[in-house]
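The following exercises ask the reader to work through a protein structure step by step. Each task is followed by a worked solution.

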Amino acid sequence: PSAETGKVTITAKLMGFAPSEPFEAEVVGGESIDNLRLTLRVGGRITGEVLASRQGERVDGRRVTAQQVGGGESYDATTDRSGKFEIKSVAPGEYAMAAEAAATEVDQLREPGARRGNDWDLVELTKKRGTVSVTDGGSAHVVLGAPPAAPVTISGRVHRGSQGVAG
């Protein structure tokens, strides 16, 4: 079958390599493109870790997504028991990183009595985000989330009118 007339973008991909630079061309029905050469890249590597933001928060089994800024490539990984992850053969560029909360975390935030299924807003709210820059053949590290802050202690007196309240 022949290609449609108009602008086409051709990219070569192979497991274990980053995709080639995209080749754009204007084609006309019946025309061919001679001597087209697409070169796969080594790609970069993203390593990272997801930190618990509060006591007891789970960091294992979280889905981490790297989305190339401005569209383009997207990669996924899953955190290990300690919250670490690695993504190999990543196309060079800037990436927006996001780690989704574990299902059990979303369950704790859901309204009492609400059923699973319409949790998009909770999932988005609980994502840990960051950015990373990847170079061909390079390695980049990103930390998503923050360690728990020091506990806040609030003290004072409770009054009703001019009288202190017991307790």
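**Exercise 1. Surface and overall build**

What does the accessible surface of the protein come to, and what percentage of it belongs to carbon and sulfur atoms? Describe also the order of the elements.

Solution. The structure is a predicted model.

Step 1. The accessible surface amounts to about 11600 Å². Carbon and sulfur atoms hold 51% of this area.

Step 2. The protein contains two helices and eleven strands. Read from the N terminus, the elements follow the order β-β-β-β-β-β-β-α-α-β-β-β-β.

Step 3. The protein has 167 residues, of which 29% count as buried.

Step 4. Take the contacts between residues at least 6 apart in sequence: 58% of these join residues at least 24 apart.

**Exercise 2. A salt bridge between two strands**

Which residue forms a salt bridge with R45, and how many residues apart are the two?

Solution.

Step 1. A search of the whole structure gives seven salt bridges. One of them pairs R45 with E86, with 2.5 Å between the closest N and O atoms.

Step 2. R45 belongs to strand β3 (residues 44-50) and E86 to strand β6 (residues 84-90). The two residues are 41 residues apart, and the pair links distant parts of the chain.

Step 3. Buried means under 20% relative accessible area and exposed means over 50%. R45 has 35% relative accessibility and therefore counts as partly exposed. E86 has 38% and so is also partly exposed.

**Exercise 3. A network of charged residues**

Which residues are joined with R63 into one network by salt bridges that share partners?

Solution.

Step 1. D76 and R63 form a salt bridge, the closest N and O atoms lying 3.3 Å apart. Because D76 is in strand β5 (residues 74-78) and R63 in strand β4 (residues 63-68), this pair ties together parts that are 13 residues apart in sequence.

Step 2. A salt bridge also connects the side chains of R63 and E100, at 3.2 Å from N to O. E100 is in the loop between β7 (93-99) and α1 (103-109) whereas R63 is in strand β4, so the parts tied together here are 37 residues apart in sequence.

Step 3. The salt bridges share partners and thus join R63, D76 and E100 into one network.

Step 4. The accessibility of each member can now be classified. D76, at 46%, counts as partly exposed. R63, at 40%, is partly exposed. E100, with a relative accessible area of 22%, is partly exposed.

**Exercise 4. The nonpolar core**

How many residues does the largest nonpolar core have, and which elements give two or more residues to it?

Solution.

Step 1. In soluble globular proteins, nonpolar side chains tend to be buried together.

Step 2. The largest nonpolar core of this protein has 19 residues. Those with the most contacts inside the core are I46, F85, I87, Y95, M97, V132 and L144.

Step 3. Two or more residues of the core come from each of β3, β4, β5, β6, β7, β8 (128-134) and β9 (139-144).

Step 4. Y95 may serve as an example. Apart from its neighbours within four places in sequence, Y95 has contacts that include A66, V69, Y75, V90 and V132.

**Exercise 5. S20 and a nonpolar patch**

Is S20 buried or exposed? Which residues make the nonpolar surface patch of about 250 Å²?

Solution.

Step 1. S20 is placed in the loop between β1 (6-10) and β2. Its relative accessible area is 2%, so S20 is buried.

Step 2. The side chain of S20 reaches the backbone nitrogen of A12 at 2.9 Å. Beyond residues up to four places away in sequence, S20 touches T11, A12, L38, T39, L40 and R41.

Step 3. L40, one of the residues touched by S20, lies in the loop between β2 (23-27) and β3. With 30% relative accessibility, L40 counts as partly exposed.

Step 4. L14, F17 and L40 make the nonpolar surface patch of about 250 Å².

**Exercise 6. A glycine in a loop**

Where is G145 found, and with which residues is G145 in contact?

Solution.

Step 1. G145 is in the loop between β9 and β10 (159-160). Its relative accessible area of 29% makes G145 partly exposed.

Step 2. Leaving aside neighbours within four places in sequence, the contacts of G145 are L51, S53 and K128.

Step 3. G145 and A99 are 46 residues apart in sequence, while their C-alpha atoms are 8.7 Å apart in space.

Conventions:
Residues are numbered from 1 along each chain as its sequence is written. This is a predicted model: local features need pLDDT of at least 70, side-chain atom pairs count only at pLDDT 80 or more; totals for chains, interfaces and linings use all residues. Side-chain values use heavy atoms; hydrogens and water are left out. A salt bridge is a side-chain nitrogen of Lys or Arg within 4 Å of a carboxyl oxygen of Asp or Glu. Helices (H or I, at least four residues) and strands (E, at least two) are DSSP runs, numbered from the N terminus. Buried means under 20% relative accessible area, exposed over 50%, partly exposed in between (1.4 Å probe, protein chains only). Contact means heavy atoms within 4.5 Å. Accessible areas come from the Shrake-Rupley method with a 1.4 Å probe; for residues, only the protein chains shown count as cover. Patches are made of residues with over 30% relative accessible area and no salt bridge: like charges are joined within 9 Å, nonpolar side chains (Val, Leu, Ile, Met, Phe, Trp, Tyr) within 5 Å. A nonpolar core is a set of buried Ala, Val, Leu, Ile, Met, Phe, Trp, Tyr and Cys residues joined through side-chain atoms within 4.5 Å. A polar contact is a pair of N or O atoms within 3.5 Å; within protein, one must be able to donate a hydrogen and the other to accept it, and residues adjacent in sequence count only if both atoms are side-chain atoms.
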